[in-house]
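Q: Could you take me on a close look at one salt bridge in this model, and then show me how its surroundings fit into the rest of the fold? I would enjoy one connected account.

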Amino acid sequence: TLKLQQTDLSNLVNRVVDLYHPLAKQSEVLLFKTIGSDVPETIIADELKLTQILSNLISNGIKFSSPGSVQIKVSAISKAVLKMEVIDSGIGIKEEDLGKLFLSFSQLDSSMVRGHGGTGLGLAISQRFVSLMGGEIGVISTFGQGSNFWFTFPFQIPTEKESKLSHPSPALSDRILD
């Protein structure tokens, strides 16, 4: 089930990028993000599921791009649908393997993924979560050049009343309690 709540999208993306920054640095992967100016700062969404999907895609991007780069891109494709992309400069995926990606326990050619680890469940779980949110997930990839894993999901903008409930007045939130 979904747990819809007010979510600061920029903060969510920053937290996930910060979480993976040490692994990216260790793997010689430049990790960066781009959030479109048309993306609302605060939305109503399932923050935990968004975090899990983004974490899985970033982790895979780093895993298969060492050394290289991974870009997280967030854009609005309409006033009610957002798109998140994880674009890597990694090994890419053969066209004949693209259909296997989102199957449970499915891993591609062992010579490609040997030494990278994983259970083959991350993309299947991500697809399930995206579907539960009413969105779509997919990949565009060129073997030897990298991949663009993307997903879309509908969102709502919090009402003024909801915004006030989640942002206490400055007098309360700035108070130091001993």
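A: Happy to. Let's begin with Lys49 and Asp46, whose side chains meet in a salt bridge with an N to O distance of 3.6 Å. Please keep in mind that this is a predicted model. Both partners are out of the solvent by the usual cut-off: Lys49 counts as buried because its relative accessibility is 12%, and Asp46 counts as buried because its value is 4%. As background, side chains of opposite charge can pair when their charged atoms come close.

How many salt bridges does a search of the whole structure find? The count is two. Besides the pair we started from, Glu47 forms a salt bridge with Arg15, with 2.7 Å between the closest N and O atoms. This pair links distant parts of the chain, as Glu47 belongs to helix H2 (residues 47–63) and Arg15 to helix H1 (residues 9–26), 32 residues apart. The burial of the two partners is worth a look too: Glu47 is buried, since its relative accessibility is 16%, while Arg15 counts as partly exposed because its value is 37%.

Staying with Glu47, we find that its backbone is in use as well. The side chain of Thr51 reaches the backbone oxygen of Glu47 at 2.8 Å. Thr51 is also found in helix H2, and, leaving aside residues up to four places away in sequence, Thr51 touches Leu12, Arg15 and Val16. Arg15 thus turns up twice, as the salt-bridge partner of Glu47 and as a contact of Thr51.

Now let's step to the strand that covers residues 42–45, S3. Both of its faces are covered: Thr42 and Ile44 are buried on one side, and Ile43 and Ala45 are buried on the other. That arrangement can be read against a general pattern, in which the side chains of a regular strand alternate between the two faces of the sheet. S3 runs antiparallel to S1, and four bridges join the two strands. One place to see this pairing is Asp8, which stands opposite Thr42 in S3. Asp8 lies in strand S1 (residues 5–8), and its C-alpha is 4.5 Å from that of Thr42 although the two are 34 residues apart in sequence. Is Asp8 buried or partly exposed? It counts as partly exposed because its relative accessibility is 30%. The side chain of Asp8 also reaches the backbone nitrogen of Ser10, at 3.2 Å.

From S3 we can move on to the nonpolar interior. Phe153 touches Ile43 and Ala45, and its further contacts include Leu50, Leu82, Met84 and Met133, not counting residues up to four places away in sequence. Phe153 is one of the residues with the most contacts inside the largest nonpolar core, which has 37 residues; the others named are Leu31, Leu54, Ile58, Ile72 and Phe151. H1 gives the most to this core, with seven residues. In soluble globular proteins, nonpolar side chains tend to be buried together.

Helix H4 (residues 122–132) adds another side to the picture, with Leu123, Ala124, Ser126, Phe129 and Val130 buried. The buried residues of H4 pack against H2, strand S6 (136–142) and strand S7 (146–154), so this brings us back to the helix that holds Glu47 and Thr51. H4 is followed by Gly134, whose phi is positive, near 85 degrees.

One more buried position deserves a stop. Val29 sits in strand S2 (residues 29–35) and counts as buried because its relative accessibility is 6%. Val29 and Ser65 are 36 residues apart in sequence, yet their C-alpha atoms are 6.8 Å apart in space. Beyond residues up to four places away in sequence, Val29 touches Ala24, Ile62, Ser65, Ser66, Gly68, Ser69 and Val70.

Finally, a word on confidence. The protein averages a pLDDT of 85, and 80% of the residues score at least 70. Confidence is highest in strand S5 (residues 81–88), at a mean of 98, and lowest in helix H6 (residues 170–173), at 36. The pLDDT is below 50 over residues 110–116, a stretch with eight contacts in the model beyond near neighbours in sequence. It is also below 50 over residues 167–178, where the stretch has two such contacts.

Conventions:
Residues numbered from 1 in each chain as written. Heavy atoms only, no water. Buried < 20%, exposed > 50% of the residue type's maximum accessible area, 1.4 Å probe, protein only. Contact = heavy atoms within 4.5 Å. Salt bridge = Lys/Arg side-chain N within 4 Å of Asp/Glu carboxyl O. Polar contact = N/O pair within 3.5 Å; in protein donor to acceptor, adjacent residues only side chain to side chain. Core = buried A, V, L, I, M, F, W, Y, C linked by side-chain atoms within 4.5 Å. Pairing = 2+ DSSP bridges. pLDDT = per-residue confidence, 0-100.
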